[in-house]
Amino acid sequence: TTTVKDSVYQILRENGICKVFGNPGSNELNFLKDFPDDFEYILCLHEGVAIGMAEGYAQASGLPGFVNLHAAAGTGNAMGALSNSVNSHVPLVVTAGQQARTMVYSDPLLKNSAASMLPLPLVKDSYEPLSAQEVPHAISRALHCAMSPARGPVYVSIPYDDWDKHIADDARLLSTRRVVHFGAPGIDDIQPLLDALEQASSPVLVLGPEVDAQCCNHKATQLAEQLHAPVWVAPSAPRCPFPTNHRCFAGILPAGEASLAQKLSDHDLIVVIGGPVFRYHQNDPGNILPDGARLILVTGDAQEAARAPVGNAIVANVDAVLSYLLEHGVRKTGDCPDFRKPIQRHEIDQSPLQPSAIFDIVESIAPRNTTYLNEATSTIATLWERVTMVEPGSYYFAAAGGLGFAMPAALGVKLANPDRPVVAFIGDGSAHYSITALWTAVRYRLPVVFVIINNSGYGALKWFSHQFKTHNVPGIEIEGVDFVRLAEGYGMKALRVSTCIEFSQAFDSAISDASPVLIEAMIESV
Ligand SMILES: Cc1ncc(Cn2c(C)c(CCOP(=O)(O)OP(=O)(O)O)sc2=O)c(N)n1
Ligand SMILES: [Ca+2]
């Protein structure tokens, strides 16, 4: 026989999982005791950080993230972060310790009374095994469910007295299970798309995060060149699916119905690959498509296909479809046009900082393979205009817009890819949702550069107030926060700058520092 605990670690080990992101309580101690030395426990001081870090790690590594939380209180703290995970199709197994199986009904402290209901609908599946014997199978099933298209987080609640129970050794059969997914279409399946591209006089490509998640950005560039088509990144982008310095890159689409359709008004065929149609943000009612245009969606997510309000959809592996289109699709002759917009760059001088200057300075210093995260929400469009992102895995943003994602996700990305620089632009508002990530960065020596863009408040909400004509709104000014002292309080190197030359010097030093650094960039309040 074996124990539930040994069986579960063996299942994780055989599936390449060796990191546990977590925050422990007494319910978790039986799972964590005699912690195996071939695993690493990453302590996060808030459960939103544990989820965010596991999400960044999973997205950057392609491996499932494994999280261990504490009962209902820990799961509740994780819910905001899970809203991003379920939208970004990131494979996570989220476990939470439950009170002792024999005590739960007596309403004890630290119980998770409706455990399998608590995280819904922000997980693909959630379960509390009916007996200790079921726990290894529940973990194995959660792992394969999280990794099956469309990927996503799965939750398992486990009573703490289950871990030491002895069970039959057939759990070994579970740890060696392999589930692989192909989803490649047959040529007949995508013939309608090939025909539409052949007949279109002005096709346009709109790319979503799945292109980046499957690392087929380069195939998308070849397809754009073959079609002489401009490429837009789908709105509210959580990843960067296309090189922003490529001649076909037209920009990131606005997240409003009318404004998005207006950007695509010159096209008669809109091919959306690897993302929803569309993830709008501001309410900007209008026609979803320009007059006379038709839309075809290619996605690995059947729900995304079903939810689309317009056009036809092909549910298939995005990488496989791109390969088909390259091999069998129409090829335009002559030179591919250049769809890029020229950018006027800032001088790096004594002038006061502003977001566009910050991004120009970063653009002039950061290595080309840097990964960026941006949660200074009023500056996102400016980053996409000014920062070059080429490789897969160059950019991450909260897929549901749930703030508090970028700081912990930056740590997870760095943990997965230690050789790539990681820069996180964080708003002075967003920084507070996961500020404890700074301690985890120092504790695990993750040399991320955190740039706090401090405009003394919720800049994006000031913009929305203007848009929505909802004036005199309280609660959007934040004055008097000292991020340098906050960072130093967590043991992190930190400095404050307010001019371009100061920021340039600080960033040039921070990007090659072996330790994490926080730079507080003071800019005019918007
Ligand atoms: C968890 C959470 N809480 C609140 C919000 C609402 N929110 C908030 C509070 C924003 C302003 C963030 O301000 P910031 O300082 O981080 O960045 P900017 O000043 O550049 O907008 S944008 C936005 O959608 C959110 N998206 N997620
Ligand atoms: Ca701000």
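Where is Ala-150 found? Ala-150 sits in the loop between helix 5 (135-146) and strand 7 (153-159), and a cis peptide bond ties it to Pro-149. Keep in mind that this is a predicted model. Beyond that loop, here's a quick tour of two open sheets, some unusual backbone spots and the surroundings of ligand 1.

**Backbone oddities**

- As background, most peptide bonds are trans and most residues other than glycine have a negative phi.
- For the cis bond between Pro-149 and Ala-150, omega comes out at about -15°.
- There's also a cis peptide bond going from Leu-120 to Pro-121, and its omega is near 0°.
- Pro-121 belongs to the loop between strand 5 (92-98) and strand 6 (125-127).
- His-89 isn't a glycine, yet its phi is positive, near 55°.
- You'll find His-89 in the loop that runs between helix 4 (71-88) and strand 5.

**The sheet with strands 2 to 7**

- This open sheet has 6 strands, and reading across it gives the order 3-2-4-5-7-6, with parallel pairing.
- Strand 3 (40-43) and strand 6 are the edges; each has a single partner strand, so one side of each is left without a neighbour in the sheet.
- On average, neighbouring strands here are turned by 20° against each other, ignoring direction.
- Strand 5 and strand 7 run parallel and are joined by 7 bridges.
- If you want a residue pair to look at, Ala-96 stands opposite Ser-157 in strand 7.
- Helix 5 lies across strand 5, strand 6 and strand 7, and runs at about 170° to strand 7.

**The sheet with strands 9 to 14**

- Here's another open sheet of 6 strands, also with parallel pairing, in the order 11-10-9-12-13-14.
- Its edge strands are strand 11 (249-252) and strand 14 (312-315), each of which pairs on one side only.
- From one strand to the next, the twist averages 20°.
- Strand 14 pairs with strand 13 (residues 294-299) in the parallel sense, over 4 bridges.
- Within that pairing, Leu-297 has Ala-313 in strand 14 as its bridge partner.
- Helix 9 (residues 217-227) packs on this sheet and touches strand 9 (203-207), strand 10 (231-233) and strand 12 (269-273).
- The direction of helix 9 makes about 165° with that of strand 9.

**Around ligand 1**

- Ligand 1 is surrounded by 17 residues, and the closest are Thr-377, Ser-378, Ser-430, Gly-459 and Ala-460.
- By class, that shell breaks down into 6 nonpolar, 9 polar and 2 charged residues.
- Helix 17 (residues 459-468) gives the largest share of the shell, with 3 residues.
- What's the distance from an oxygen atom of ligand 1 to an N or O atom in the side chain of Ser-430? The value for Ser-430 is 2.6 Å.
- Asn-455 also offers a side-chain N or O atom, which lies 3.0 Å from an oxygen atom of ligand 1.
- With Gly-429 the backbone does the job: one of its polar backbone atoms is 2.8 Å from an oxygen atom of ligand 1.
- Taken on its own, ligand 1 has 600 Å² of accessible area, and the protein covers 78% of it.

Key. Residues numbered from 1 in each chain as written. Chains lettered and ligands numbered in written order. Predicted model: local features only at pLDDT ≥ 70, side-chain atom pairs only at ≥ 80, totals over all residues. Heavy atoms only, no water. Near = heavy atom within 4 Å. Polar contact = N/O pair within 3.5 Å; in protein donor to acceptor, adjacent residues only side chain to side chain. Areas by Shrake-Rupley, 256 points an atom, 1.4 Å probe, with all protein chains shown as cover. Helix = DSSP H or I, 4+ residues; strand = E, 2+ residues; numbered from the N terminus. Nonpolar A, V, L, I, M, F, W, Y, C, P; charged D, E, K, R; others polar. Pairing = 2+ DSSP bridges. Axes fitted to C-alpha atoms, helices over the stretch in contact; angles between N-to-C directions. Contact = heavy atoms within 4.5 Å.
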